[in-house]
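This report describes two interfaces, one within a chain and one between chains.

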Amino acid sequence: MTTLQLKNIVKRYKTNTVLDNLSLDVADGETLVLFGPSGAGKTVLLRLVAGVIDPEEGQILIGGEDVADIDAEHRGIGMAFQNFALFPHMSAFDNIASPLTATNATKDAISAGVHKVAKLLKIDHVLSHHPKALSNGQKQRTALARALAGSPPLLLLDDPLRNVDAKLRFEMRLELPRLLAAQGATVVYVTQDYKEAMALGDRIAVMSQGRIRQIGTPEDIYNTPADIEIARLFGDPTINLLDVTPKSVPDGVYVELSNVKVALPGMPSDVVGKTCVIGLRPETIAFTDAGAPGAIPVTVEAETPLNEKTVTLVLTARGREILVSRPAGTPGPVSGPAHIAVNGQAAFLFDKESGGLIRSAATPMTRNGEAA
Amino acid sequence: METTSTLEKTLRLIALTLVVIFFMFPIFWIFLMSFQTNETILTIPPSIIFTPTLSNYAALITGKLTTAAGTLDIAFMRNLGNSIFLSVTSVALALVLGVPAAYAFARHKFKGSEDIAFTLLSFRFAPPLLVLLPLTQYFQWLGLSDTYFGLIWVYQLICLPLILWIVRGYFEDISADVEYAYRIAGHSWFATFRKIALPLAGPGIAAAGLLAFIFAWNNFVFALVLASADKQPVTVGALAFVTSSGIQYGQIASAIVLSVTPTLALALYAQRYLVEGLSLGAVKG
C-alpha cells in the first residue's frame, strides 16, 4: 500500500497539450477510477506514473517520495495494459513470473508465486501455453496476473476489460473489486465504461481534454454531475436533456414541456428567464393516464429491452426525443399515443451556456438509478 | 474450400515449370560445365552427353592450372577462404554495431536521428566507384590498404546500412507496450533489450544478416582495388582464369559451383527465416 500524488502535471507532445496542469491525490489503499472518453489523457497519465514517459512539468510522488529520478523498474508498480502487452515469445507462466524474476527470488518461490496468482484468476491450467494459444479472456487474466504477481503497492490498470467480450466483462466487474481488495494495493483504474467506474471506484475522477472535470464518489457523480457532459456520460440509458426557459408563479419556479407545467420545487427564482437545460433521468419518467395531473402527450416510437430494464423512446408534440425506462416485465404502451409524467423533484437543471449544474435532483439516486 | 479444376492445375504446373527452368537452367548448365574439359564445353552444338571429369576441381584444389602455355599457380582455395573470412567477420561486426544502433534509432527519436539514419542508408545509393579513388588514397596513408582489417571496414559500407534499416523496421514493429511491461515488471532497459526486443526481432535480424552476407560475398570492386592477391575473395580471384592462352571455362564453372555453394546452403538453411523475416514487417497489421 502506498499513496500517489500528482502535482500540476503538464505533458505535451509537440504543440499538443495532453495533460494540462493536472493534480490528483490517491489515498492509501484506495481504488481511484479515471473515467473519460478516449483522448482524455488517461493512458498518458498512467504511463507518467509508471515512469515510461516523463512529464514536462510537475511532480509525481509515490508514498510521499518524488519519483522523477527513479526509473520505471524501481517504482514498485504493477501495470496491466489495455492491449494486454503479453510477451509473445514466453509462456503464460514466464509472463506472470516476470515481476518475480526481476527480484532475487528462488525458483521455488517464483513458481509458488505464479501458481498462487494464477489460481486466483483461474488460469492455472493454461500456464504452459504461449499467448498465441490463449483466448482473449485468458490473455486478459494473464495480463492481470502479471500485474498482481509482484504484489506491488501501486497497481495501474489501463482499461483491462476493454478488449474482452461482454459476458466476461460482466463477470470480471463482479470479481475485480474482491480481487483488488484482497491485494490491498492502491489502485488507479482507467475505463471508458461508466458501469465499471461505478462498480469499482472508491472515487471516480472524470477526465476530459487533459483535465480532471470532477472527482468524487460514484454517488456524488451520479447525483451531482458537475456539468451536462458528465451527466450524459453517467447513466444508461442516457439522461434526457431538453432546452427550457424556467418561468415563475408565486408558489415557485416551473418549466413548460409540451405546454404542460412541470413544477421545480425548491428552485431559486434567479433562473427565471435564463436559457437552461433540464436533465431528466429516464428512470424518473413514468407512463401515466391521459387524465392524470401533469400528463404530457407523447407518441411511442420504439421499445428496447436493456438488461433488467425496458427502455421506450417517445416523441413529444414538438418532436423532441425522450427516453423512458421502467423495470422489465411491467406493462407499458408499445406504440401509438401515450402520456408521461415527469417528476420535477428528480430533475437536474443546467446552464445552457456554460453547461454547469444549477441544481441537482432533490431526490438522490443510488448507483442503480432507483430512488433512494 | 476453393476447388481447382484439372486444367487449372495443369496450366499452373506448366507455368511453374517454365519459371523454374528459366531461373535454374544457368545454374544447372554451369554445374554440367564444371565436369567438362574446355574442349567439350566449346563443342558446337553443345551436348549434355559427355564423359565427366574431375580435373577442374582437382586443378582448383591443388592450385595448379595446366594450360596450353604451361602450368599456372592459382590461389582459388585461398580466395575461397578469404571470402568466407571477410564475409563472416564483416557481417558479425555489422550485427554487433548495427543491431544496437537500429534499436536506438527505432526507440529513441532524438534531434537529427533521422538524418543520421538516412546518411547511413545513403551509403547504399552511391556507386562504390565514386568513393573508390579517394578511399584508395586514404587507405594508403592510413596503412590500411591490403589488410583484412581495411577490407572489413570497407565492407561495413555494404553490411551496416542494410542491417540497420531492416532491423530497425523490426524493432519499430514491436509494440512499445510490451517493452514497457517488462520494464515496469522490474527489469533494466538492457535486460529488456536482451530478453524482449532481441528475441522478438530475431527472424528480422537473421534475414538481415543473411542478406548482408550475400551482398558482402558478391562484392567485387572494393576487394579488386584495395587488396592484393593473397587477400582477395573469390569474386576477384576468378579473374585468374582469364589466362594468356585462353579462358578456362571448365575451371570457371567449377569455381562458380564452389563459390555459390556456401551462400546457397546458407540461404536454403535459413529460407524459413528469410521469407518470414522479409515478409513479416510488410503484412503484419
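## Interfaces of chain A

Between domain 1 and domain 2 of chain A there is 1 salt bridge, defined as a side-chain nitrogen of Lys or Arg within 4 Å of a carboxyl oxygen of Asp or Glu. A:K195 forms a salt bridge with A:D236, with the closest N and O atoms 3.7 Å apart. The model is predicted: local features need pLDDT of at least 70 and side-chain atom pairs pLDDT 80 or more, whereas totals for chains, interfaces and linings use all residues. Residues are numbered from 1 along each chain as its sequence is written, chains are lettered from A in the order in which they are written, and side-chain values use heavy atoms, without hydrogens and water.

The domain assignment, automatic or from a database, gives domain 1 (4–225) and domain 2 (233–359) of chain A. Their centres, taken over C-alpha atoms, are 39 Å apart.

The table lists contacts (heavy atoms within 4.5 Å) and buried area (accessible area, 1.4 Å probe, that two parts lose on being put together, summed over both).

| Interface | Residues in contact | Buried area | Carbon and sulfur share |
|---|---|---|---|
| Domain 1 and domain 2 of chain A | 11 residues and 10 residues | about 940 Å² | 68% |
| Chain A and chain B | 22 residues and 17 residues | about 1,600 Å² | 67% |

In domain 1 of chain A, A:Y194, A:Y222 and A:P225 lose the most area to domain 2 of chain A, together 55% of what that side buries.

Between chain A and chain B the count is 2 salt bridges. One salt bridge joins the side chains of A:R47 and B:D177 at 2.6 Å, N to O.
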